Amino acid sequence: MRHPLQARRPSGRWALLSLLAATWWLAAPPAAAQDTAAPNAAPQADNAPPATHAASLQADGPPAAAQADSLPAEGGTPPTDGAAGAGAPSGGAGGAGGATSDARDPAERSAARRDRPGATSRRATPSKKRRGDINPCMTPDPGWGVYDRWSRAPSIGQMIMPHRGGVTKRGGFDVIIHFHGHEALRKEFVKTAAGAVLVGIDLGIGSGAYSSAFSAPYVFENLLDSIERAVAKKTGKKKAYIRKLGLSSWSAGYGAVEQILRQPAGKRVDALVLLDSLHAGYADERQHKLKVAQIEPFIAFARRAAAGEAFMFMSHSSILPPGYASTAETASFIVRQLRGKLRGSSRADVLGLDMIRRFDRGDFHVRGYTGDDKPDHCAHLGLMADVVRVHLNPRWKSPRGRR
């Protein structure tokens, strides 16, 4: 039977409207007031994940981040290690792995001292020159590379795949499914992707829309089946199958990722990319104690990645949302669960991002940045080109696509 979501493929106009709304993060209430519980998966409604980021940040255009990996750092020196560069492993056995996040690191304490959530600082708001005269929320289109235009073949969302190639002789292919801001992410993906399929899904404002849509396991399973059928039809390989599977999200899209990681099909995920995209509610807001149940799937995946069994990359800004945990807090908490410690960093990165801390263990990588306004949030999409180039291409060795 056709699932109702299959009829919700966004038209070109709806995709644009979704992008226009994508950075209207804080206008929506925490998803605790809107999410529904997932059977056998999600926490109860009062534990549901919040919507994303702060209401004081209003969107004035579709989020994106193009040309990021080619921008020189301030002073004319190009970045040397890439936004997602692995760097040296962090051997620190710092923060304790308790169930709360009381002991915040200096980056979080510094942000907390600002007068109000969303307040900007001189360092947090780079000049136009620093950003290369590019608005991170409205970046130029680099073209499509070896890829076709968007196809509505999947049961939910849209997909692009190479004109030709991208599939092994036996029909194996790799796919990344991205949640929230699919067109903006596409601009970064095509710069460095060799042949993996990209599926983009936009479902509206707030993590609740994503969490609800993927609360039933069959929704994600049907999506994977529909992707395989679409590749089989295009390539003529009747037994086309997903070889390597990755999930990525920006902003509110983490709601879908959480649900999928709780499901049987989530065990197939080899790579996880969270671009300023993981929040949690507070069990005690005054003490900044997180509702740990909401991020348990991400903690488990981080452990797998740290052990070299999977790949995980997460970035955070310094945005302080009202009433729930920031992406900086959730990143710090996950690192502490691994008995690790984020170390300081000072680096000019893509689209005006200033890196202030990082953590690397095995194939788990965290990058923390200053910035507490809308363009800073959008700029995290610019990290995807390097994530693909530095990590996913060597890891997956995807069959090459060609025009």
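In the predicted model, helix α8 is followed by Arg-339, a residue whose phi is positive, near 55°. The helix that precedes this residue spans residues 327-337, and eleven of its eleven residues are buried, so α8 is largely enclosed by the rest of the structure. The buried set includes the nonpolar side chains of Phe-333, Ile-334 and Val-335, but Glu-329 and Arg-336, which count as charged, are buried in α8 as well. Thr-327, Thr-330, Ser-332 and Gln-337 are also among the buried residues of this helix.

Helix α3, which covers residues 182-192, is likewise mostly covered, with ten of its eleven residues buried. Among them are His-182, Glu-183, Arg-186, Lys-187 and Glu-188, together with Leu-185, Phe-189 and Val-190. Two of these residues take part in further features described here. The charged end of Arg-186 sits over the ring of Trp-144, at 3.8 Å from the centre of that ring, and Phe-189 belongs to the lining of the second largest cavity.

The aromatic side chains give a count of five aromatic pairs. One of these is formed by Trp-144 and Trp-150, whose arrangement is edge-to-face, with 6.3 Å from centre to centre and 80° between the planes. Both Trp-144 and Trp-150 are buried, and Trp-144 is thus a partner of Trp-150 in the aromatic pair and of Arg-186 in the charge-over-ring contact. Elsewhere, Phe-179, Tyr-210 and Phe-214 form one aromatic cluster. A further placement of a charge over a ring involves Arg-304, whose charged end sits over the ring of Phe-301, 5.1 Å from its centre.

A search of the whole structure finds one disulfide, formed by Cys-137 and Cys-378, with their sulfur atoms 2.0 Å apart. The torsion about the S-S bond of this pair is about 95°, so the disulfide is right-handed. Cys-137 lies in the loop between α2 (106-112) and β1 (158-160), whereas Cys-378 lies in helix α9 (residues 374-379), so the pair ties together parts that are 241 residues apart in sequence. Cys-137 counts as buried at 0% relative accessibility, and Cys-378, with a relative accessible area of 0%, is buried too.

Internal empty space was also examined, and the structure holds three cavities of 30 Å³ or more. The second largest cavity has a volume of about 50 Å³, and its lining comprises Ile-176, Phe-189, Ala-193, Ala-194, Gly-195, Ala-196, Val-388, Leu-392, Asn-393, Trp-396 and Ser-398. Divided by class, this lining has eight nonpolar and three polar residues, with no charged residues. Helix α10, which runs over residues 384-396, gives the most to the lining, contributing four residues. Phe-189, a buried residue of α3, also lines this cavity.

In contrast to the buried residues described above, Pro-264 is exposed, with a relative accessible area of 55%. The place of this proline is in the loop between α6 (254-261) and β6 (269-275). The C-alpha atom of Pro-264 is separated by 9.3 Å from that of Glu-221, although the two residues are 43 residues apart along the chain.

Terms used:
Residues numbered from 1 in each chain as written. Predicted model: local features only at pLDDT ≥ 70, side-chain atom pairs only at ≥ 80, totals over all residues. Heavy atoms only, no water. 1 Å grid on protein atoms, 1.4 Å probe; cavity = no way out; pocket = protein on both sides within 12 Å on 5 of 7 lines; lining within 4 Å. Points joined across faces, edges and corners; volume = space filled by probe spheres on them. Helix = DSSP H or I, 4+ residues; strand = E, 2+ residues; numbered from the N terminus. Buried < 20%, exposed > 50% of the residue type's maximum accessible area, 1.4 Å probe, protein only. Disulfide = S-S within 2.5 Å. Phe/Tyr/Trp six-rings, centres within 6.5 Å; stacked < 30°, edge-to-face > 60°. Lys NZ or Arg CZ within 6 Å of the ring centre and 35° of its normal.
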